[in-house]
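This report describes a model of two protein chains for a reader who is new to structures. Please look at the sequence and the model first, and then read the text beside them.

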Amino acid sequence: MLGMFDFAKKAFKHRKFQPMITLIGLITCVASTIFLVLLGQGLGLSVTQITETQFTSFLSSTISQFIYFDTALIFIVGMVVIYFLFTSMMADRQKDVGLIKALGSKENTGYGYVMAEPLLITIYGCILGGLFGLSTFIVYSTIFLPNTLLSQGLTYFCLFLGLLAISFCASWVISSRKAEAFFKNTPVNLFAGDTQNFDFVKEQLTGVGKFLDRLPWILQISLKGIIRSRSKTKTAIICLSLCIFLMTVSLAGGAVAWWTTRSYVDDSFGQNVIAIGDQAVLDEYKNMMTNVLNTKSLSSFNFIENEFFIDRDFIEKLSNIQQIGTIDNRLIIIGHVVEVQTIEIVTDATGSHYVTYGQSNVRSSDALIIGINTNSMVDNLWMQNMHIDANTTIIGSTLSESIFDNPLKQKIALDSNDSNRRETFSISDIVLDPINQGLVVYMPIDSLQKLNSITTHNLVLVKTQDPDTVLEIESLAKQYGLNTLSLDKVHQESLSNIDRIWLSILPFPILSVVTTIIGVLNCLLVSFSGRQHDFGILRAMGAKGNYTAKIVLMESLAFVLPTAITGILIGMLFNFAFLIPNATISAQLLIICISGLSLLLLCICIISATIILKLNKQTPTNLMQDTQ
Amino acid sequence: MSNCAQNNAVETSSLTKEFNFQNTKITALNDATFKIATGEFVVVLGHSGSGKSTLLNLVGGLDKPSSGTIKVCGTDLSTLNDDSLSAFRSLNIGFIFQTYNLISTLTSLENIQFPMKLSNVVNDQLIKERARELLNLVGLANRCDHLPFQMSCGEQQRVAIARALANDPPLILADEPTGNLDWPTGKEVIMFLKQISKTQKKTMIVVTHDERIVELADATMRLEKGRIVNIARHV
């Protein structure tokens with residue numbers, strides 16, 4: 001007697017192509033999900049450990065959010081791809097189910113016969129995918145994250161088992177639901193296939209038919225095939241949209257996040273800037289601008305030693321050098337800042353009531369306080385609408401999150417250097433500046449000088465790109481016992497540090513793109529494998545090999561174009577709205593991202609058409625045999 | 001490319017087709033040599049597995065022989081590459097399959113239009129008119145907008161016949177065209193094919209195992225275990 005597993009094995013053996021694609025799809029999804037979740041755990045730990053303690057909160061949250069979103073999305077997309085593959089596979093078995101029902105099989109027995117094949121694929125796919133994902137992770141971690149692997153071994157193993165169980169359950173639920181839906185149908189409906197719900201009159205009435213009739217024949221045939229196989233098309237479109245959405249979030253989101261973090265650093269440094277001051281001040285200043293990957297604790301350097309102050313005579317002589325446009329005098333100190341609780345009276349329909357911002361046991365922190373003159377700044381930090389006056393400050397993003405509830409409603413109190421005085425300032429804006437890991441306060445230099453009873457400054461920034469002028473500045477500085485530091489070098493160092501962090505996250509976009517490509521390719525191949533019989537008929541009627549390839553390409557494009565528009569659009573909106581809300585992106589980068597994604601999708605369509613063309617290099621007789 | 005009027009419609013020499021199945025060589029057609037004159041209505045008879053469909057697939061260029069040659073309307077099919085063979089099929093051979101093989105997502109009218117589109121007929125209006133004319137010819141003028149599953153087996157078979165006639169090919173190959181039909185309907189289909197053969201001077205090769213069709217044939221060819229055992233021409 002032919003048992004249900006024998007039945008499944010025979011079905012697998014004779015149909016080969018489609019179950020094989022489903023199996024490969026499942027292995028890929030499970031393997032990449034397991035690899036990335038484990039890697040996310042590893043990288044999440046190492047990256048956020050670095051970023052949370054040494055990076056600005058904005059950069060830290062951008063990177064960790066990217067890791068978590070990407071991992072979650074890969075899992076979701078993996079499951080959707082599996083859903084599509086099983087749905088397509090089961091749709092191809094629709095007539096078999098009809099036959100089993102027509103032969104008088106009881107529901108349980110028939111269900112067993114139909115479900116045996118997906119069960120085998122689920123078991124093999126999950127085990128092979130799980131082992132593949134785990135072993136890839138072990139190899140990767142041994143090379144790149146050895147410490148994490150040793151210390152988190154048990155966590156990884158539990159996570160692996162959990163993911164395997166989730167993948168198995170999800171795959172099983174997905175495949176069995178489709179089979180259940182089939183078993184609720186009558187044999188006649190099952191024999192009729194996917195086109196049974198097609199309504200020609202409706203097609204004509206809605207004008208779709210007339211529109212299609214006006215298109216070139218090859219496009220007409222492709223679109224009619226897609227529109228008239230409604231349920232299959234619907235699932236394929238959902239699946240493809242999600243795949244493309246993931247790719248957009250991963251690739252474009254990654255690029256935007258990387259670009260944004262770089263551009264904040266760019267803005268905070270400016271270009272062709274030279275810092276002048278005492279060597280000790282310059283060293284500390286450089287350290288504060290580049291300590292992205294440094295494990296050193298926050299500085300307690302005393303910037304207001306007498307020998308650090310700059311002579312006014314020097315500034316006068318400096319201003320006589322013609323090639324210097326702007327002289328940015330600054331006073332920088334490490335100071336103690338405190339949150340100020342604010343009570344606001346709010347009047348609404350229910351009357352007036354008080355709203356308190358901030359905590360009663362006030363929070364405080366050490367921060368870098370920079371006194372500036374907003375009329376002579378050399379960097380691009382001061383973007384439109386940013387403004388400070390004698391009573392206001394602008395604070396860094398990390399400081400804003402660490403000691404305030406609602407900084408723009410609250411105030412900040414600054415202690416004087418001898419701690420005898422404390423003055424309160426309002427906060428007009430929050431700046432995404434990586435200096436001192438975002439623990440920074442910008443305020444007018446006069447106010448800072450007054451608070452600390454200082455009349456001078458300890459740092460001068462000038463902007464020039466003329467080498468002779470640079471030499472002149474160096475020579476003048478030496479006369480006053482000062483040194484110079486080209487911030488371009490420091491700038492490059494900071495950018496390299498940021499690039500290094502993003503490079504460590506590179507497996508995420510790469511693997512999500514691989515998952516997406518395989519997912520999209522699988523979806524297209526599965527869609528077309530069901531059309532093999534039709535292609536055989538076309539070849540018998542005299543269609544050349546490239547004619548069927550054109551149909552496949554047209555259908556791929558017809559599937560991919562609307563899904564690409566939807567996926568890329570939603571993906572981009574998602575990136576800007578949730579993942580990187582403060583994105584700084586040039587129109588050029590945006591165009592590059594969108595064109596890159598579109599090009600990638602076009603390549604996928606061409607690859608699928610090429611594969612189908614190769615598969616179709618058989619005689620029409622072979623193509624028309626469903627289970628050859 | 002071909003000239004059926006001046007040549008035999010089909011001419012084969014030592015035609016053999018072998019398949020490998022589980023390391024065993026199976027000879028589906030063995031050393032078949034025969035000629036079919038232009039305009040003949042030939043019935044190929046034989047039991048299941050005797051090689052009838054294999055013969056038809058080889059003559060139609062749907063499959064490649066293991067050895068031997070096939071000439072259709074004077075053209076040696078082995079000299080044609082894949083694309084040339086497709087182009088040759090499109091213009092010279094019409095197929096009628098036992099399982100109809102209509103494209104499930106296309107209406108009957110669109111199924112008939114397809115071969116004409118493949119043979120690069122450019123005038124869409126002409127194509128549509130010809131397709132309607134053919135549907136009318138097979139008695140399905142009112143079924144233009146029906147998908148295959150919305151039609152009965154006999155109707156689908158008639159659409160398949162209309163499709164085979166679309167490019168006005170000189171040779172029509174029919175594989176068990178009555179296999180899925182009851183005898184009255186099947187006889188109607190065969191009579192229709194015979195009538196087309198006579199009126200339009202088309203060569204028709206009909207594969208069947210139904211002996212009742214023999215009386216309508218100009219010639220019969222019998223196959224047994226892959227060999228031609230008898231070719232008889234009826235006067």
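In chain A, strand S6 (residues 392-396) pairs with strand S8 (residues 422-431) in the parallel sense, over 5 bridges. One position in this pairing can be picked out by name: Gly396(A) stands opposite Val431(A) of S8(A). Strand S7 (residues 411-415) of chain A also pairs with S8(A), here in the antiparallel sense and over 5 bridges. In that pairing, Ile412(A) is placed opposite Phe425(A) of S8(A). As background, strands in a sheet pair through backbone hydrogen bonds, and the pairing is either parallel or antiparallel.

The model is predicted, and local features are described where pLDDT is at least 70.

**The two chains in outline**

The table sets out some totals for each chain.

| Chain | Helices and strands | Buried residues |
|---|---|---|
| A | 23 helices, 11 strands | 45% of 628 residues |
| B | 6 helices, 10 strands | 50% of 235 residues |

Contacts along the sequence can be described for each chain as well. Among contacts in chain A between residues at least 6 apart in sequence, 86% join residues at least 24 apart. For chain B, counted among contacts between residues at least 6 apart in sequence, the share that joins residues at least 24 apart is 71%.

**A helix pair in chain A**

Helix H21 (residues 545-579) of chain A packs against helix H22 (residues 587-615) of chain A at an angle of about 150°, and their axes are 9 Å apart. Because of this angle, H21(A) is roughly antiparallel to H22(A). The crossing of H21(A) past H22(A) is right-handed. On the side of H21(A), the residues that make the contact include Gly545(A), Ala549(A), Val552(A) and Leu553(A). On the side of H22(A), they include Ile594(A), Leu597(A), Ser598(A) and Leu601(A). What classes of residue make up the contact of H21(A) with H22(A)? There are 14 nonpolar and 4 polar residues in the contact of H21(A) with H22(A), and no charged residues.

**A buried residue in chain A**

Leu26(A) is part of helix H2 (residues 17-54) of chain A. Is Leu26(A) buried or exposed? Leu26(A) is buried, because 27 other C-beta atoms lie within 10 Å, and 20 or more are needed for a residue to be called buried. Leaving aside residues up to four places away in sequence, Leu26(A) touches Ile82(A), Ile121(A), Gly125(A), Gly129(A) and Ser171(A). One of these, Ile121(A), is 95 residues from Leu26(A) along the chain, while the C-alpha atoms of the two are separated by 8.2 Å.

**The sheet of chain B**

Chain B has an open sheet of 4 strands in the order S2-S1-S4-S5, with antiparallel pairing. Strand S2 (24-36) and strand S5 (75-76) of chain B are the edge strands, and each pairs on one side only. Within the sheet, strand S1 (residues 10-21) of chain B and strand S4 (residues 67-72) of chain B pair in the antiparallel sense over 5 bridges. Thr12(B) has Ile70(B) as its bridge partner in S4(B). Helix H1 (residues 52-59) of chain B packs on the sheet and touches S1, S2 and S4 of chain B. The direction of H1 of chain B makes about 60° with that of S2(B).

**Two residues with positive phi**

Most residues other than glycine have a negative phi. Which value of phi does Ser14(B) have? Ser14(B) has a positive phi of about 45°, although it is not a glycine. Ser14(B) lies in strand S1 of chain B. With 12 C-beta neighbours inside 10 Å, Ser14(B) counts as exposed.

Asp168(B), also not a glycine, has a positive phi of about 55°. Asp168(B) is in the loop between helix H5 (153-165) and strand S7 (171-175) of chain B. Asp168(B) has 14 C-beta neighbours inside 10 Å and therefore counts as partly exposed.

**Where the chains meet**

The contact between the chains takes 24 residues from chain A and 25 residues from chain B. On the side of chain B that touches chain A, helix H2 (82-92) and helix H3 (108-118) of chain B are the elements that give two or more residues. H2(B) supplies the largest share of that side, 6 residues. By class, the residues of the side of chain B that touches chain A are 10 nonpolar, 8 polar and 7 charged.

Conventions
Residues numbered from 1 in each chain as written. Chains lettered and ligands numbered in written order. Predicted model: local features only at pLDDT ≥ 70, side-chain atom pairs only at ≥ 80, totals over all residues. Pairing = 2+ DSSP bridges. Contact = placed C-beta atoms within 7 Å. Nonpolar A, V, L, I, M, F, W, Y, C, P; charged D, E, K, R; others polar. Axes fitted to C-alpha atoms, helices over the stretch in contact; angles between N-to-C directions. Parallel < 35°, antiparallel > 145°, perpendicular 65-115°, else oblique. Left-handed = near helix turned anticlockwise from the far one by under 90°.
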